[in-house]
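Open the model in a viewer and keep the selection tool at hand. The stops below follow one another, each with something to select and a note on what is there.

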Amino acid sequence: MTDEHELIRIRKEKLKKIKEQGIDPYALHFRRTHSSESVHECAKKISIGEVLEDLEVAVIGRIITVREHGKSCFAHIRDDSGDIQIYIKANAIGEKTYGLFKLLDIGDFIGVKGKIFKTRTGEDTILVSEFSIFSKSLQPLPEKRLGLRDIELKYRRRYVDLIANKDIKPLFKLRSHIISSMRRFLEGKGFLEVETPMMQQIPGGAMAKPFVTHHNTLDMDLYLRIAPELFLKRLIVGGFEKIYEINRNFRNEGISTRHNPEFTMLELYQAFVDYEDLMHLTEEMFCVIAEECLGKTSIEYQGNKIELKKKWKRLSFVDAIKKYAKIDLESVSDKELKNSAKELVPEIRKMNSFREIVDAIFKKVVVPNLVEPTFIVDYPERMCPLAKKKKDNKNLTERFQPYICGIELGNAYSELNDPMEQKERFLDQIKDRKMGDSEAHLMDEDFITALEYGMPPTAGLGIGIDRLVMLFTNSPSIRDVILFPQLKPLI
RNA sequence: GGGUCGUUAGCUCAACUAGGCAGAGCAGCGGACUCUUAAUCCGUUGGUUGUGGGUUCGAUUCCCUCACGGCCUACCA
């Protein structure tokens, strides 16, 4: 108790004095009639110096600024809709009540009742006739002008970040709008939202290391899903034709400005279409979301101005490697490829499988150039064990990934629906795994069984929601768009 | 995991280059002020300088350890 900070001790003393007056400082004392925003709406009827008679409003908010002025005081209170100024005068509410008001601090929640007027500078203000304490704040808030700058504290105490930094709440509101807009778009297209297991016995549908957990009663290890893909395809087998899931994936990999261990994905599957159709769907979805959430179809990301409403570029994976890395994947030998990789990506450690080497070259040499909206299409078969091969070139698959401003935003295929071929591809993956590729797929016998019942030709698309939000909010780090990013504990 | 930069009052930052009593603004506290809004004016409290060690007469400052974080990089999406 003795090491309690002075600022907190003083606030606790004020709290005690409030309680001694028989007041419960954490109770709901009355219902509000107006939000800050609606007070401003009402105030449009009056002009400077005028009082809006015949209307008493009750507003509740957090005190964010205080300007004492003799035996009167101006303050701003904030609710979810915005800020409103209040004006308290000792001779209007009585000396005793004014004394109670002086026990309040910045950060406290109060409710006020009173009439609306406009000050001589024209600011909408509530002339307080009565107030109540709704919650006493014991922690001092950050600096009022500069806010909370400390990045670590912003992430650890996001609630303070939201209070102290004005642009944080709008950003996360926009994130919500983007997701609801996406849902509306997909519902409008006839897609049905479904939920599939987060805990899986065989983690599949992507190349990544999983988190392991344990079910005590079944005495069995389970994996947090790295992707919902194989379950969503089972539902297509079951007869659903248009489904999607927006939910968390978990990947036990490094953390960076583009990676958080848990992240939010859209995955959708549509029967009887191919990846070409999903490219059109992607273009349309991005434009509709941008229009609904930003009011325009152009975005600016880290200095790049991007127009979304146009036909996005298509560039084949092989051509992209040819163009930026000067390697012809169709003729290069494994040895030549390894030598090129050493030159282009000297920091690469893993040189085991074809997939890893080509992937490394692609990410290092090609991706930074993909600023304009671009679909990279037709990836080599060995990189995509769940994708259908192209009709005219069996070395390539019908796959695309959308890129904007060097950000990989998703992944899509015409899904492989031949059970026997899928089994062969899984067996190839197991070979890669034995060569040291720890992210190669595992055999999922039940998924093969599902395909054996017959999956219609289907295309699937995944979109990384966090990265989409980064792009739409001009955020340089994924942690800026995740409310509670993963951090190490302090002790 | 590797590299690099950072950690000073509740918050935002100085002081470190070249070792010599750790400062300011905001917030807080006391006072003046009944149309202020970065309110103003007067006064004032608040520090184990992230942790542990080393060098030194003396360390916020130089060296090392560890912790946490940012950025780059690797893995990955």
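Start with helix α5, which gives the most to the surface near RNA strand B, with five residues. Note before going further that this is a predicted model.

**RNA strand B and its surroundings**

Keep α5 (151-156) selected and add α1 (6-20), β1 (51-68), β2 (72-79), β3 (82-89) and α12 (354-366); each of these elements supplies at least two residues of the surface near RNA strand B. Now select every residue around the strand. There are 63 of them, and T121, K144, R145, E152 and H259 come nearest. Colour this surface by residue type: 29 residues are charged, 19 nonpolar and 15 polar.

Which part of the RNA should you look at here? Among the atoms of RNA strand B within 4 Å of the protein, 62% belong to sugar or phosphate, and the rest belong to bases.

Three contacts can be checked with the distance tool:

- Select R149: a polar atom of the R149 backbone is 3.0 Å from a phosphate oxygen of RNA strand B.
- Select R156: a polar atom of the R156 side chain is 3.0 Å from a sugar or linking oxygen of RNA strand B.
- Select E408: a polar atom of the E408 side chain is 2.3 Å from a sugar or linking oxygen of RNA strand B.

**Helix α12**

Return to α12, one of the elements that supply the surface near RNA strand B. Its 13 residues reach 17 Å from the first C-alpha to the last, close to the 18 Å expected at 1.5 Å a residue. Is the helix enclosed or open? Eleven of the 13 residues of α12 are buried, so the helix is largely enclosed by the rest of the structure. To see them, select F354, R355, E356, I357, V358, D359, A360, I361, F362, V365 and V366.

**Helix α7**

Next, select residues 168-188, which make up α7. The 21 residues of this helix should span 30 Å at 1.5 Å a residue, and the C-alpha atoms at its ends are 30 Å apart, which agrees. Buried residues of α7 include I168, L171, F172 and L174, and further along R175, S181 and L186. Step just past the end of α7 to G190, where phi is positive, at about 90°.

**R158 in helix α6**

Select R158, which lies in helix α6 (residues 158-164). Is R158 buried or exposed? With a relative accessibility of 2%, R158 counts as buried. Show L483 as well: its backbone oxygen lies 2.7 Å from a polar atom of the R158 side chain.

**Aromatic rings**

Finally, show the side chains of the aromatic residues. The structure holds 14 aromatic pairs. One of them is F30 with F134, an edge-to-face pair with 5.2 Å between centres and 80° between planes. This pair links distant parts of the chain: F30 is in the loop between α1 and α2 (36-42), while F134 is in strand β5 (residues 124-135), 104 residues apart. F30 and F134 are both buried.

Stay at F30 and add K113, which lies over the face of the F30 ring, at 4.6 Å from the ring centre. Then move to F231, where R234 lies over the ring face, at 4.6 Å from the centre.

For the last stop, select F286, W312, F375, F400 and F472, which ring pairs link into a cluster.

Notes: Residues are numbered from 1 along each chain as its sequence is written. Chains are lettered from A and ligands numbered from 1 in the order in which they are written. This is a predicted model: local features need pLDDT of at least 70, side-chain atom pairs count only at pLDDT 80 or more; totals for chains, interfaces and linings use all residues. Side-chain values use heavy atoms; hydrogens and water are left out. A residue is near a molecule or strand if one of its heavy atoms lies within 4 Å of it. A polar contact is a pair of N or O atoms within 3.5 Å; within protein, one must be able to donate a hydrogen and the other to accept it, and residues adjacent in sequence count only if both atoms are side-chain atoms. Helices (H or I, at least four residues) and strands (E, at least two) are DSSP runs, numbered from the N terminus. Ala, Val, Leu, Ile, Met, Phe, Trp, Tyr, Cys and Pro count as nonpolar, Asp, Glu, Lys and Arg as charged, and the others, Gly among them, as polar. The expected span of a helix is 1.5 Å times one less than its number of residues. Buried means under 20% relative accessible area, exposed over 50%, partly exposed in between (1.4 Å probe, protein chains only). Rings of Phe, Tyr and Trp (its six-membered ring) pair if their centres lie within 6.5 Å; planes under 30 degrees apart count as stacked, over 60 as edge-to-face and the rest as tilted. A charge sits over a ring if NZ of Lys or CZ of Arg is within 6 Å of the ring centre and within 35 degrees of the ring normal.
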